[in-house]
Amino acid sequence: MQISTYRRATQIFFILLIIGAPFLDILRIDSDTRSLIVFGKEWSIGLEEGFYLNQSFENASHVAWRFFLKAVLPWITVLSIFPILGALTGRFFCGWFCPEGALFELFDFFTMKIFGRRSLFTKKPNDPGAPAEKRLPYIILALFSMIAIPLFMGVVLTGYFVNPRTVWTQVLNREFTFGVKAGIIGVSIYMFISAMIVRHTLCKYVCGAGLMQMLFGWASPVSLRIKTDVVKLGACTDCKKCEKVCFMNVKPRLLRKDINCVNCGECITACNKELGKNRGVFSFAQSRSCVLPVKEAVKKQDDVLPDHEKSLKGEYYEKTCH
Ligand code: SF4
Ligand code: SF4
């Protein structure tokens with residue numbers, strides 16, 4: 001099975017988890033009781049009503065401890081997930097799990113089929129070719145998706161703040177309270193704009209989870225990255241398929257760590273298709289810098305390259321290895 005098949009499976013799994021979490025009481029806020037529900041249990045600081053009336057030192061210590069244990073510590077734990085993920089796996093979460101990233105890829109797919117480019121507005125050098133010969137089915141699907149998906153996600157995400165059963169009942173009866181209506185409209189507009197206009201620019205410059213993974217992944221000596229095999233690079237046909245599949249506009253042949261790479265692995269698959277199974281230039285690795293020291297790598301490359309390519313590939317490597 002190819003990397004992209006596994007990746008689609010993890011993306012679908014995570015989308016289903018996001019949809020199901022409030023329904024299954026895995027995580028949601030109950031607006032009726034104003035409490036947080038985590039795995040079916042009410043999460044509260046656990047202080048009795050009127051706790052502030054007792055102003056003794058013991059009571060103050062008890063309140064501070066409960067607050068630290070039930071509010072500060074869990075919050076720190078949640079916030080530390082993305083730095084830890086970043087330090088170990090780079091932006092792997094963005095490429096394999098993020099539901100919003102998956103949505104952006106879906107709309108990339110539609111615009112590629114309809115306009116022959118990823119963006120609605122501009123063509124980029126790595127846009128993969130011409131639009132589909134029969135565009136009508138894609139146009140119909142895209143129009144349906146651009147309305148249905150933001151609305152559906154508006155309903156789902158509102159269920160994180162209002163009991164999802166209440167939300168769906170109101171949707172089915174078409175009778176909305178102000179809060180539910182505002183939630184659905186607000187989320188739908190956000191989803192529509194981000195999927196239609198912003199897309200991966202949001203991943204690069206706005207998303208807090210992405211930025212944390214990016215920074216910690218960049219600084220970590222052991223974070224997951226795409227390794228370019230400098231020896232196999234000698235067989236590169238310059239087909240540019242590795243660049244065309246990259247929705248983050250990374251040039252994986254450049255031998256440096258690009259903070260925008262989400263470790264999706266699509267370039268690995270593309271190059272294996274071009275050069276043959278296991279002959280592709282790219283693989284996943286956990287290291288900081290170039291695979292080999294510059295001179296050694298150049299020499300190794302020269303050993304496997306035909307004469308007319310030797311200097312070219314050597315220069316290429318020396319210029320790009322940081
Ligand atoms: S460089 Fe490769 S792994 Fe990184 S985002 Fe681009 S296609 Fe995905
Ligand atoms: S896909 Fe492989 S062969 Fe094609 S340009 Fe990229 S590295 Fe070279």
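1. The largest nonpolar core of this predicted model has 30 residues, and those that touch the most other members are Phe93, Cys242, Cys246, Cys267, Cys271 and Phe282. At least two residues of this core are supplied by each of α2 (57-89), α3 (92-96), α9 (208-219), β4 and α11. Because domain 1 (3-44 + 90-205) and domain 2 (225-320) both contribute residues, the core lies between them. A second core, separate from this one, is made of 13 residues, among them Leu103, Met153, Val180 and Ala195.

2. Cysteine 271 deserves a closer look, since several topics meet there. Leaving aside residues up to four places away in sequence, Cys271 touches Lys241, Cys242, Gly280, Val281 and Phe282. Of these neighbours, Cys242 and Phe282 are listed with Cys271 itself among the core residues that touch the most other members. Cys271 is also one of the residues closest to ligand 2.

3. Around ligand 2 there are 13 residues, of which Cys236, Cys239, Lys241, Cys242 and Cys271 are the closest. Two elements, α10 (241-244) and α11 (266-275), give two or more residues to this shell, and the largest share, 4 residues, comes from α11. Divided by class, the shell around ligand 2 holds 7 nonpolar, 1 polar and 5 charged residues.

4. Ligand 1 is likewise surrounded by 13 residues, with Cys246, Val250, Cys261, Cys264 and Cys267 coming nearest. The shell around ligand 1 consists of 10 nonpolar residues, 2 polar residues and 1 charged residue. Cys246 and Cys267, both listed here, also appear among the residues of the largest nonpolar core that touch the most other members.

5. Helix α11 therefore merits its own point, because which of its residues are buried can be stated outright: Glu266, Cys267, Ile268, Thr269, Ala270 and Cys271. The cover over these buried residues includes α1 (3-23), β4 (224-228), α10 and β5 (282-286). After α11 comes glycine 276, which has a positive phi, near 110°.

6. As for the chain as a whole, it contains 13 helices and 5 strands, and 28% of its 322 residues are buried. When contacts between residues at least 6 apart in sequence are considered, 67% of them join residues at least 24 apart.

Notes:
Residues numbered from 1 in each chain as written. Chains lettered and ligands numbered in written order. Predicted model: local features only at pLDDT ≥ 70, side-chain atom pairs only at ≥ 80, totals over all residues. Near = placed C-beta within 6 Å. Nonpolar A, V, L, I, M, F, W, Y, C, P; charged D, E, K, R; others polar. Buried ≥ 20, exposed ≤ 12 C-beta atoms within 10 Å, placed from the backbone. Contact = placed C-beta atoms within 7 Å. Core = buried A, V, L, I, M, F, W, Y, C linked by C-beta atoms within 7 Å. Domains from an automatic or database assignment.
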